Each structure stands twice: as structure tokens, then as C-alpha cells.
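Please read the following report alongside the sequence and the model. It moves from strand pairing to the ligand shell and then to the nonpolar core.

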Amino acid sequence: MKLQNQLNHRGLAELAKKYGGILHLQMGKIHIVSVSTAEMAREILQAQDVVFANRPANVAISYLTYNRADMAFANYGPFWRQMRKICVMKLFSRKRAESWASVREEIDSMVRTLTKQTGFPVNVGELVFALTRNITYRAAFGSFARDGQEEFVKILQEFSKLFGAFDIAEFLPWMRWFSNRGFDKRLENARKSLDGFIDKIIDAHIEKKKSRKHDDDGLDDDMVDELMAFYSGESGNKSNDSQSSLRLTRDNIKALVMDVMFGGTETVASAIEWAMTELMKNPHELVKLQQELAQVIGLNRRFHETDLDNLPYFKCAIKETLRLHPPIPLLLHEAAADSVVSGYSIPRDSRVMINVYAIGRDGSVWTEPDKFKPGRFMESKAPDFKGSDFEFLPFGSGRRSCPGMQLGLYGMELAAANMLHSFDWELPEGVSSGDLDMTDMFGLTTPRATRLIAVPRYRLKCPMDI
Ligand code: HEM
């Protein structure tokens, strides 16, 4: 097996079955520790949370995040804490109604598109990726730069490739002379394109702020507007100083926007596509779920978000999807000090990967671990994903757990429920559920390796707009 394949969630899960729940690899000067049991995950994310609250960043990540000027890769400390506060209280909070409205409105538009395609094969994968890109783009930039979206998608794709690229010089610094010069150039170009794109948007926001009237209620504010409230010109604090009020530089704003783009786009889209794929693969589960929707809502009106509280089986199917296909399968942490986990010493600066994928499919914890059985979550003591059940960690746990969980779940649940309530779904002619390929693709997230194609048929007895 190639080294790159061994170091992904599947390869590491296989190695863990052979050699046990903790693996130590040394690549040049770097120690890599991989952990694949719930108990060890608890030790790292709960008992010794502070020691493991940093993230590792390779050369590409450091460069592309403006030297960790963002939140996802900032080291644990006062700066990270302030950035996280802004995200949780301002950007991703329920109180910021605009983010949630973007989700609803873009899903409505997706349902309208589907209505026009009923009876024809639809590329569900592309549809949901476009959906979540539209949601995050709109939440971040509002009505600014509407027509720049295609250019921005290209920038994101290049960032994504560079984030995952393997650079030998990182492990063996003496190989730097040998390392690919073209790679450095690509990094530089990628950041230049991002600068060119976002600088214009930031300038437009600065103008907007200047010309703002006193009675402006800020109701159409986007995320960049929110961040502008903390903008300090170029003299903000980029590092871990402990100023109590945070000032942000342009680099901070750019890097934070990229966190939202990466954290909130592929994760949500891949989860929706996997949910739809598992349901097409397991038609009896699709029937059960649609029966619940028909019983609770009826077929005379569309799904409404308040229905979510009355759809227990649907919610279990969402959890089961996240168990089998956690969008971020390896949690990446770094040891800030020497420590001991389950009797094994872990040197300071080790990169620690918690294999959430392997833990979610651990046969000593889950019965029939590889099967899609939403009913398992109906049991009274079934685990939840809020971070205190370490056998099920799709959003991580502890200090570095996902701050966008509520917003992400909202998008995932609303999109899937709308697709399943308004439409029946079949595979295209000549394809059977047994033909569906369930392999994933490893990058920053783990979407399906091939896009799901399925045929929607309008299911409701009322017109679309009810
Ligand atoms: C189904 C959707 C999502 C899943 C499964 C997911 C999962 C995760 C996971 C596993 C982590 C790392 C936790 C750890 O290391 O312990 C994380 C971190 C993060 N997520 Fe999410 N996420 C989702 C949606 C979102 C959304 C919608 C946003 C933003 C709008 C977001 C923003 C972030 C950020 C900024 C971090 C880094 C936090 C830090 O380092 O302090 N995520 N997410």
C-alpha cells in the first residue's frame, strides 16, 4: 500500500485493527501518533484537552492562512479564544439571522430547480455542492461580488489541493534543495489570487461602513460586515498577545473567511450526498423515512423547519450518516508538551490524529458497524454528537470542537428533509442499489469518490409554493 493511502483514515483504521488503538510513526523529524479508540479519544480531547489543543500546520497551511492568522489553525491561546468568540457569538450564532436565512433561501431555490427536473436524472452530488457553496458565499459576502463566484470557486479548489499536497521537505528539511520549486510558486499564486479577490470585497465594505447612515439597522449585513466592526487597519494583533479587545487585520479577515468556506462547504455537502446515497443503497430505510415524513407532515404541504422536532427517525438517519461518513474523518491536533496517553509517551510537537472514522466503525462498540441502520440511534442510551460520547465524534469534542455545528446541521437537515419530503427518488434506469460505489475520496473532507445520480419525482399533492 502506498504511504499516502496508509496515512488516510481507512489505511490507519486497517493498521489499528492489526496493531492496536495507538500507532506511532516517525517521518524524519516529525512524530505522528494515530489514535483509534473511544477511550483514547477521551484521554486526548477531555482529560488532557489543554495539552492537545493546538493544531499542526504544514508549510502550505501556514502560508495560505497568512501565518495562522485564522481560527482553525491558530495555536490555542488568547488570540484563538477571541477569534472563536467572534465566530460563535457573531458569525455562526442563531442570533445572526442572515446566515440562517441564506440556508433557507438557497434550499428553496434548490427545490425549485429539482421540481423542473422531475423524471430526469439529476447529479445530486453537484447539486448539493453548488447549494452549500452558494450558502457560504452568500453568508460571507452578501450581495457583494455576486458575479465573482466562479472565480472564487477556482481559488478554493486550488487552496484545497495545496492544503493536501505532500511536501517531502516538511519531514526532511535537508531535502528542501530537492523539493519542488514549482510548489512554492503555486502557493504564492494561490494567495495572490485570493488577495486580488477579497481585497476588492474588503474595500467595498470599508466604503459601505464609511457611508453608513445612523438609522441603518444592519439587517442585510454579511459576515465581512460583522468582521469590519473589529477591523483595525493593518495594526491589529495577529499573535497570541492577551489584549482583551480583539482588533483584526485584513489578513485575519481573509483567513477567517477561508475558514468558513472550508469548514462549512464541503463538510455539509458531503454529508447530504452520503445521506442520500445510503438511502438509495438501503431502499427499505428510504421507505421508512418517507413514511415518517408523510405521517407527521402529510402530503398536502411542504416541509417546514419546525417539523424537525417531530421527526425522530429522520434525525437518526442523519446521525447514522455522520457515524459511517464523518466529513472530517481525522481530527488533527498537536501536543504542546510531553505527555502520556494510555501508558504511551507522546513527545511534545507530535501530530496527533484521532481517527473518528475508525472509532465510528469499531466492532467492539457498534453492532454490525459497517451497516446503515438508523434504528440503532432510537435506543434510549444511544450516543449523541455533542462531544461527550467519545464513540461518536463527527463534530469533535472539547476546546477545538466544531463551532459551526448548529449551522452545519441546520443546512444538512433542512436540505435532506426537503429533498425527501417533496420528492421520491429512484436510481437511473439500468442502475441497481447494489451498483452504488461507496468509496470515499480523501482530501480535506471525504466526499463520495463518484457523484450520486438519481431521478426525483414530485411527491406532494399540493403545488410547490404551499
Ligand atoms: C456537517 C457539518 C460539519 C461537520 C461534520 C464539521 C466537523 C468539524 C470537525 C470534526 C472539526 C474539528 C474538531 C476537532 O479537531 O476536535 C471542525 C472544526 C471547525 N469547523 Fe466544522 N463541521 C461542520 C460544519 C461547519 C460549518 C457550517 C462551519 C462554519 C460555518 C464550520 C467551521 C469550523 C471551524 C472554523 C473549525 C475549527 C475550529 C477550531 O479549530 O477552533 N464547520 N468541524
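Two strands are taken to pair if DSSP finds at least two bridges between them, and strands (E, at least two residues) and helices (H or I, at least four) are DSSP runs numbered from the N terminus. In this sense Phe423 stands opposite Tyr458 in strand 9. This is a predicted model, in which local features need pLDDT of at least 70 and side-chain atom pairs count only at pLDDT 80 or more, while totals for chains, interfaces and linings use all residues. Residues are numbered from 1 along each chain as its sequence is written.

The pairings of strand 9 are as follows.

| Strand | Partner | Sense | Bridges |
|---|---|---|---|
| Strand 3 (residues 122–123) | Strand 9 (residues 453–458) | antiparallel | two |
| Strand 8 (residues 423–426) | Strand 9 | antiparallel | four |

Within the pairing of strand 3, Asn123 has Ile453 of strand 9 as its bridge partner.

Around the ligand there are 25 residues (C-beta atom, placed from the backbone, within 6 Å of it), and the closest are Gly263, Gly396, Cys402, Gly404 and Gly408. Helix 12 (250–264), helix 13 (266–281) and helix 17 (405–422) each supply at least two residues of this shell, with helix 12 giving the most, four residues.

Helix 17 is mostly covered, since 15 of its 18 residues are buried, that is, have 20 or more other C-beta atoms within 10 Å of their own, C-beta atoms being placed from the backbone.

Leaving aside neighbours within four places in sequence, Val257 is in contact (C-beta atoms, placed from the backbone, within 7 Å) with Ala140, Ile198, Met223 and Val224.

Conventions
Contact = placed C-beta atoms within 7 Å. Buried ≥ 20, exposed ≤ 12 C-beta atoms within 10 Å, placed from the backbone.
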